[in-house]
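Okay, thanks for making time, everyone. Let me put the thing up on the screen and then walk you through it.

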Amino acid sequence: MVEYKRGEEFYGDINSPFTLQQVKDKYEPRGTGAIPVIPYIAELDHTPIGFMQQYRLSEVEQEEFGYRANLTIYGIDQFIGFPKLNFLTEELEH
């Protein structure tokens, strides 16, 4: 049976947002390819509105979800909204 976990375990507490350094520490290795998670910034009319990421499920994860091990299965996480994301992209550009 699949065990669903609370989002805070993976993404932190909304009442305690990441510092810029915590964001860099967590997500920079994804952007450089150091870990096999591909990040995306979602935009609407050239304005950032969210974050997405894709990753290949491990054989253990595939088994937990009922997929055969010989398949290639990807997961995707999406965080879409209008909170001000510009601070992040502006800070990372400097």
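**A walk through the fold**

So, reading along the sequence, you get the pattern α-α-β-β-α-β-α. That comes to four helices and three strands. Please keep in mind that this is a predicted model.

Some bulk numbers, since I know you'll ask. There are 94 residues, and 18% of them count as buried. The protein exposes about 7700 Å², with carbon and sulfur atoms supplying 54% of that. As for contacts, take those with a separation of 6 or more: residues 24 or more positions apart account for 37% of them.

Now the sheet. The three strands form an open sheet, ordered S1-S2-S3, and the pairing is antiparallel. S1, which is 37-44, and S3 are the edge strands with a single partner strand each, so each has one side without a neighbour in the sheet. On average, and ignoring direction, neighbouring strands here are turned by 20° against each other.

Let's zoom in on S1 and S2. S2 covers residues 47-56, and the two strands pair in the antiparallel sense over eight bridges. If you want to find the register on screen, Val-37 stands opposite Tyr-55 in S2, and Ile-41 has Phe-51 as its bridge partner. Remember Phe-51, I'll be back to it in a minute.

What sits between those two strands? S1 and S2 form a hairpin with two residues between them. Asp-45 is in that loop, and so is His-46. Here's the bit for the backbone people: most residues other than glycine have a negative phi. Asp-45, though, has a positive phi near 55°, and His-46 has a positive one too, near 65°. Both are out in the open: Asp-45 counts as exposed because its relative accessibility is 68%, and His-46 is exposed with a relative accessible area of 74%.

Back to Phe-51, and on to the rings. How many aromatic pairs does a search of the whole structure find? Two. In one of them, Tyr-27 and Phe-51 meet edge-to-face, at 5.1 Å centre to centre with 70° between the planes. Tyr-27 lies in helix H2, residues 20-32, and Phe-51 in strand S2, so this pair ties together parts that are 24 residues apart in sequence. Ring pairs link Tyr-27, Phe-51 and Phe-79 into a cluster.

Buried or exposed, you might ask of Phe-51? Buried, because its relative accessible area is 17% and the cut-off is under 20%. Tyr-27 comes out at 22%, so we call that one partly exposed.

Last stop is Gln-78, over in strand S3, residues 74-80. Gln-78 counts as exposed, at 51% relative accessibility, and the threshold there is over 50%. Which residues does Gln-78 touch, leaving aside neighbours within four places in sequence? Phe-51 and Met-52. Gln-78 is also 6.8 Å from Gln-53, C-alpha to C-alpha, with their positions 25 residues apart in sequence.

So if you take one residue home, I'd suggest Phe-51: bridge partner of Ile-41, ring partner of Tyr-27, and in contact with Gln-78. That's it from me, happy to rotate the view if anyone wants another look.

Key
Residues are numbered from 1 along each chain as its sequence is written. This is a predicted model: local features need pLDDT of at least 70, side-chain atom pairs count only at pLDDT 80 or more; totals for chains, interfaces and linings use all residues. Side-chain values use heavy atoms; hydrogens and water are left out. Buried means under 20% relative accessible area, exposed over 50%, partly exposed in between (1.4 Å probe, protein chains only). Contact means heavy atoms within 4.5 Å. Accessible areas come from the Shrake-Rupley method with a 1.4 Å probe; for residues, only the protein chains shown count as cover. Two strands pair if DSSP finds at least two bridges between them. Axes are lines fitted to C-alpha atoms, for helices over the stretch in contact, and angles run from 0 to 180 degrees between N-to-C directions. Rings of Phe, Tyr and Trp (its six-membered ring) pair if their centres lie within 6.5 Å; planes under 30 degrees apart count as stacked, over 60 as edge-to-face and the rest as tilted.
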